[in-house]
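Subject: Structure handover

Hello,

Here is the structure I promised to pass on. Please open it first; my notes follow below.

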Amino acid sequence: MTASSVAQTTYVLTLSCPNRPGIVAAISGKLAELDANITEAQQFDDRDSTVFFMRIVFEVAQGRTSMQQLREALAVLGNIFSMDWALHDRSVKPKVLLMVSRFDHCLVDLLYRWRIGELPIEPVGIVSNHPREVFADLDFYGIPFHHVPVTKDTKPAQEAHVLDLLASSGAELVILARYMQVLSNEMAASLSGRCINIHHSFLPGFKGARPYHQAFARGVKLIGATAHYVTRDLDEGPIIEQDVERISHAHTPDDLIRKGRDIERRVLARAVRYHIERRTIINGSRTVVFTT
């Protein structure tokens, strides 16, 4: 049996730590000792914060080095270099909880990408403040649907219910696929770093109802969308991905809405992919995103 025919387990290691000489050498040397073969490596030295970031993809022959052995060895390096690090088995699909309101274009897109195998996730629940009848024409493929209505008076109980669903389902990521309810500061804080939101992105900013109509009235020349991590400042969390499209005087408000839906779909899908492929590392109010 040749080396190339031996079954391999692929892992992704992400880390950040204070920058100092010897980090890369120590990590690559330790992985070599563990019979790991590095297939991809990206790094970034933030000169402003003096923090070093790295993402490494490596393979280990099945049955040779266990996940536990890897974790123990990396923990030693973690202590030496004061690392925040995470190790993931690439074959394990992350469990996600999808939250949506009445606009379902982002939800439908994510479900389609998941169904055809383009987005390697495991949806464990769909949560909406609207009843299932609103989505009567959609196939949820057996994914549990939870109607969790919310009012000003019931918001604390509603958010507690969502957090219970998150814990019981084992979901590691929440995706706000055009979920139009503002999260409380407590809810946003509890989901920090594990919740992705998508919203329109205009300059100047148009808030409130009918933002595309506001943009049309001001004659905008660019419209876009932003995907970001949720923090206490709901729409100001670390940005993961953005995109724009040019608008002309000939476009109507309906044209802007149509184009906006397309941008939101693709930006959210890319942001989710970057997250589940462990390409994103939060760097204060910003992100390091190791794209291909």
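Let me begin with the largest nonpolar core. It has 38 residues, and those touching the most other members are Leu107, Leu110, Ile126, Ile175, Ile196, Leu268 and Val272. Two or more residues come from each of β5 (95-100), α3 (105-115), β8 (173-176), β9 (195-201), α6 (211-217), β10 and α7 (253-276). Helix α7 gives the most, with nine residues. Another core lies apart from this one. That second set has 21 residues, among them Ile27, Phe58, Ala73 and Leu77. As background, nonpolar side chains tend to be buried together in soluble globular proteins.

Keep in mind that this is a predicted model.

Next, Leu110 and its helix. Leaving aside neighbours within four places in sequence, Leu110 is in contact with Leu98, Leu119, Ile175, Ala177, Leu268, Ala269 and Val272. The buried residues of α3 are His105, Cys106, Leu107, Asp109, Leu110, Leu111 and Arg113. They pack against β5, β6 (122-128), β8, β9 and α7. After α3 comes Gly117. Its phi is positive, near 85°.

Now to α7, where one charged residue deserves a look. Glu264 lies in this helix. Is Glu264 buried or exposed? The cut-off for buried is under 20% relative accessible area. Glu264 has 1%, so it counts as buried. Its side chain is joined to that of His105 by a polar contact of 2.7 Å. Not counting residues up to four places away in sequence, Glu264 touches His105, Cys106, Arg178, Ile198, His200, Tyr212 and Ala225. Two of these names are already on the list of buried α3 residues: His105 and Cys106.

On to strand β10. Thr226 is found there, and the strand covers residues 222-229. Thr226 has a relative accessible area of 4%, so this residue is buried too. Which side chain does the side chain of Thr226 meet in a polar contact? The partner is Gln242, at 2.9 Å. Beyond four places in sequence, Thr226 touches Asn197, Ile198, His199, Ser201, Ile239, Glu241, Gln242 and Val267. Ile198 is also on the contact list of Glu264.

For contrast, take Thr292. It sits in the segment after β13 (286-289). Its relative accessibility is 85%, and therefore Thr292 counts as exposed. Thr292 and Ile240 are 52 residues apart along the chain. Their C-alpha atoms are separated by 14 Å.

Last, a pocket. The second largest one holds about 350 Å³ of space. How many residues line the second largest pocket? There are 15, and Thr14, Ala86, His88, Thr280 and Ile281 lie nearest its centre. Strands β1 (8-18), β4 (84-89) and β12 (280-283) each supply at least two lining residues. β4 gives the most, with four. By class, the lining of this pocket has six nonpolar, six polar and three charged residues.

If you have time for a few views, I would take them in this order:

- α7 with the largest nonpolar core, to which this helix gives nine residues.
- Glu264 with His105, for the polar contact between their side chains.
- Thr226 with Gln242, for the side-chain contact at 2.9 Å.
- The second largest pocket, starting from β4.

Best wishes

Notes
Residues numbered from 1 in each chain as written. Predicted model: local features only at pLDDT ≥ 70, side-chain atom pairs only at ≥ 80, totals over all residues. Heavy atoms only, no water. Buried < 20%, exposed > 50% of the residue type's maximum accessible area, 1.4 Å probe, protein only. Polar contact = N/O pair within 3.5 Å; in protein donor to acceptor, adjacent residues only side chain to side chain. Contact = heavy atoms within 4.5 Å. 1 Å grid on protein atoms, 1.4 Å probe; cavity = no way out; pocket = protein on both sides within 12 Å on 5 of 7 lines; lining within 4 Å. Points joined across faces, edges and corners; volume = space filled by probe spheres on them. Nonpolar A, V, L, I, M, F, W, Y, C, P; charged D, E, K, R; others polar. Core = buried A, V, L, I, M, F, W, Y, C linked by side-chain atoms within 4.5 Å.
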